[in-house]
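This report describes a protein model, starting with its sheet and ending with a single proline. Please look at the structure first.

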Amino acid sequence: MPLVSGAEVVLAAAKAGRGVGAFNVIQLEHAIALIAGAEQAGAPVILQISENAVKYHGALKPIGVATLAAAAAATVPVVVHLDHAMDRDLVTEAVTLGFTSVMYDASKLEYADNVAATTEVTAYCHDHGVFVEAEIGEVGGKDGVHAPGARTRPDEAVAFAEATGVDALAVAVGSSHAMTERTATLDFDLITRLHEAVAVPLVLHGSSGVADPDLTRAVEAGMTKVNIATHLNNVFTDKVRQVLADNPKLVDTRKYLGPARDAVATEVARLLGVLNAA
């Protein structure tokens, strides 16, 4: 199945009231695991490469091209998405490489500057058939808008979406990035009000800290794209630790990265069921 557009997957899910799992790729093992999990679940999936992951690799092209190749060989719809990009040149490079979705993060800017910058990026991406996600920001950058106490006002969300022309909007409803325990408390009433007010699909960032029943409830209340990264990193790392603890003389990386990859695939399939993604 060929790589598909973000619009094809996210808009279809929003119309059907389903969730879409968006999971982060750090290494090729992650890309393979995420696709395998989606194939097990029979659901579409979004593979996200963040600006931080690009910095880790030193460049976008190696991990980007590898992820695109893996996506092209999948048997389910796969979107390759640039996540939390603050560098405009990185957005251009991702579009040139063939990414079908980008999240441009100008949330650290003042509101008017965020609108102006996001509008420009959206126009460029739309000219190239690329889906655009953005977010309204607060002081403190990406963690500010998704700090536990942050909340997005429906009227501001509507104004931002209309002014910028974005295709999806990340909103603050109680989740927070990089949580290692699933103890976040979501504001479901706010999710419902945002869903009723905002014309584009809603995105939940920081979903690793959200328990399974609340993920399902968030989708039912109106969330569509659900980003999960840290939780899967925990699954991957826990399996590596287990294998190495059981085999302290093991040196072949395939012998511990392979089981970790398989563990992530199993968890992705389970999470996609939680999100009603199929």
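Eight strands form a closed barrel in the order β1-β2-β3-β4-β5-β6-β7-β8, with parallel pairing. Strands here are DSSP runs of E with at least two residues, helices are runs of H or I with at least four, and both are numbered from the N terminus. Two strands pair if DSSP finds at least two bridges between them. Strands of a sheet pair through backbone hydrogen bonds, either parallel or antiparallel. On average, neighbouring strands of this sheet are turned by 25° against each other, direction ignored. Axes are lines fitted to C-alpha atoms, for helices over the stretch in contact, and angles run from 0 to 180 degrees between N-to-C directions.

The model is predicted: local features need pLDDT of at least 70, side-chain atom pairs count only at pLDDT 80 or more, and totals for chains, interfaces and linings use all residues. Residues are numbered from 1 along each chain as its sequence is written, and side-chain values use heavy atoms, with hydrogens and water left out.

**Strand pairs**

The table lists three pairings in the barrel.

| Strands | Bridges and direction | One pair of partners |
|---|---|---|
| β1 (residues 20–24) and β2 | three bridges, parallel | Asn 24 and Gln 48 |
| β2 (residues 45–50) and β3 (residues 78–85) | six bridges, parallel | Val 45 and Val 78 |
| β1 and β8 (residues 223–228) | four bridges, parallel | Ala 22 and Asn 227 |

Helix α5 (residues 88–97) packs on the sheet and touches β3 and β4 (101–104). Contact means heavy atoms within 4.5 Å. The direction of α5 makes about 170° with that of β3.

**Burial**

A residue is buried under 20% relative accessible area, exposed over 50% and partly exposed in between, using a 1.4 Å probe and protein chains only. Six of the six residues of β2 are buried, so this strand is largely enclosed by the rest of the structure. On one side of β2 these are Val 45, Leu 47 and Ile 49, and on the other Ile 46, Gln 48 and Ser 50. Strand β1 is also mostly covered, with five of its five residues buried. Val 20, Ala 22 and Asn 24 lie on one side of β1, and Gly 21 and Phe 23 on the other.

**Nonpolar cores**

A nonpolar core is a set of buried Ala, Val, Leu, Ile, Met, Phe, Trp, Tyr and Cys residues joined through side-chain atoms within 4.5 Å. The largest core has 81 residues, of which Phe 23, Val 91, Val 173 and Leu 215 touch the most other members. Helix α12 (residues 254–274) supplies the largest share of this core, 10 residues. A second, separate core has 12 residues, including Val 10, Val 20, Ile 46 and Val 203.

**Pro 259**

Helix α12 also contains Pro 259. Is Pro 259 buried or partly exposed? Pro 259 counts as partly exposed because its relative accessibility is 27%. Not counting residues up to four places away in sequence, Pro 259 touches Lys 239, Val 243 and Arg 254. Pro 259 and Ser 107 are 152 residues apart in sequence and 37 Å apart in space, C-alpha to C-alpha.
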